Amino acid sequence: MVKSPGGDEQVSSREERVARNESTTRAINEEIKGAQQATSPGEHVRILCECRSVDCDRVIAITLAEYESVPADPRQFAVVRDHVLRDLEQVVAQTDRYTVVAKREGVAAAIAVEEDPRG
Ligand SMILES: [Zn+2]
């Protein structure tokens, strides 16, 4: 990482965000969920949209119970409604707060399975 005297906080935080998106939003969300484990199952927690767009910083309000059911299949992701990639993903569930999509078979699905932090 390049550090300049001018202070590159903007740049480094963006780099970090990109890297995070690339590594996996789900891992972050697992941490968020872990940190909020004490919350009652019916209460909303805020997780990051899992669309993996580099520019996406949207959050989704979801209950722990709902979130637990999403990655039952590692190809499934919770995203905001506007972020569904209809040519790559199939909508499997929709609420007024978020949409659950499944990666279509192929490379994206294979990567999703491979990167599943739950192993
Ligand atoms: Zn998104």
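Confidence in this predicted model varies along the protein chain: helix 1 (residues 9-23) has the lowest mean pLDDT among the elements, at 58, and strand 4 has the highest, at 92. The chain as a whole averages a pLDDT of 77, and 72% of its residues score at least 70. Where pLDDT is low, the predicted coordinates should not be read in detail.

**Strand 5 and its partners**

Strand 5 covers residues 99-103, and 5 of its 5 residues are buried, so this strand is largely enclosed by the rest of the structure. In a regular strand the side chains alternate between the two faces of the sheet. Here T99, V101 and K103 point one way from strand 5, while V100 and A102 point the other way; all of them are buried.

Strand 5 pairs with two strands treated here in turn. Strand 3 (residues 76-79) runs antiparallel to strand 5, with 4 bridges between them. Within this pairing, V101 of strand 5 is the bridge partner of F77. Strand 4 (residues 89-94) is also antiparallel to strand 5, and 5 bridges join the two. The connection between strand 4 and strand 5 is a hairpin of 4 residues. Bridge partners across it include A93 with V100 of strand 5, and E89 with K103 of strand 5.

**Salt bridges**

Side chains of opposite charge can pair when their charged atoms come close. The count for this model comes to 4 salt bridges. Three of them are listed below.

| Pair | Closest N to O distance |
|---|---|
| E66 and R97 | 3.0 Å |
| K103 and E89 | 2.6 Å |
| R97 and D96 | 3.8 Å |

The salt bridge between K103 and E89 has a separation of 2.6 Å from N to O. K103 belongs to strand 5 and E89 to strand 4, so the pair ties together parts that are 14 residues apart in sequence. Both residues, K103 and E89, are buried. They are also bridge partners in the strand pairing.

E66, D96 and R97 are linked in a network of salt bridges. In the salt bridge of E66 with R97, the closest N and O atoms are 3.0 Å apart. E66 lies in helix 3 (residues 64-69) and R97 in the loop between strand 4 and strand 5, so this pair ties together parts that are 31 residues apart in sequence. R97 has a relative accessible area of 28% and is therefore partly exposed. D96, with a relative accessible area of 68%, is exposed.

**The zinc site**

The zinc ion has four protein donors: C49 (SG), C51 (SG), C56 (SG) and H83 (ND1), which lie 2.0 to 2.3 Å from the ion. The 4 donor atoms subtend angles of 106 to 113 degrees around the zinc ion, and the arrangement is therefore tetrahedral. Ideal angles at a metal are 109.5 degrees for four tetrahedral donors.

The donor residues of the zinc ion follow the spacing C-x1-C-x4-C-x26-H in sequence. C49 and H83 link distant parts of the chain, being 34 residues apart: C49 is in the loop between strand 1 (44-48) and strand 2 (59-63), and H83 is in the loop between strand 3 and strand 4. C49 counts as buried because its relative accessibility is 3%. H83 has a relative accessibility of 21% and so counts as partly exposed.

**E50**

E50 is located in the loop between strand 1 and strand 2. Its relative accessibility is 1%, so E50 counts as buried. Leaving aside residues up to four places away in sequence, E50 touches T25, R26, N29, Y67, F77, A78 and V79. One of these contacts, F77, is the bridge partner of V101 in strand 5.

Definitions and conventions. Residues numbered from 1 in each chain as written. Predicted model: local features only at pLDDT ≥ 70, side-chain atom pairs only at ≥ 80, totals over all residues. Heavy atoms only, no water. Buried < 20%, exposed > 50% of the residue type's maximum accessible area, 1.4 Å probe, protein only. Pairing = 2+ DSSP bridges. Donors = N, O, S within 2.8 Å, 3.2 Å for Na, K, Ca; no water. Tetrahedral: all angles 85-135°; square planar, octahedral: opposite > 155°, others 65-115°. pLDDT = per-residue confidence, 0-100. Salt bridge = Lys/Arg side-chain N within 4 Å of Asp/Glu carboxyl O. Contact = heavy atoms within 4.5 Å.
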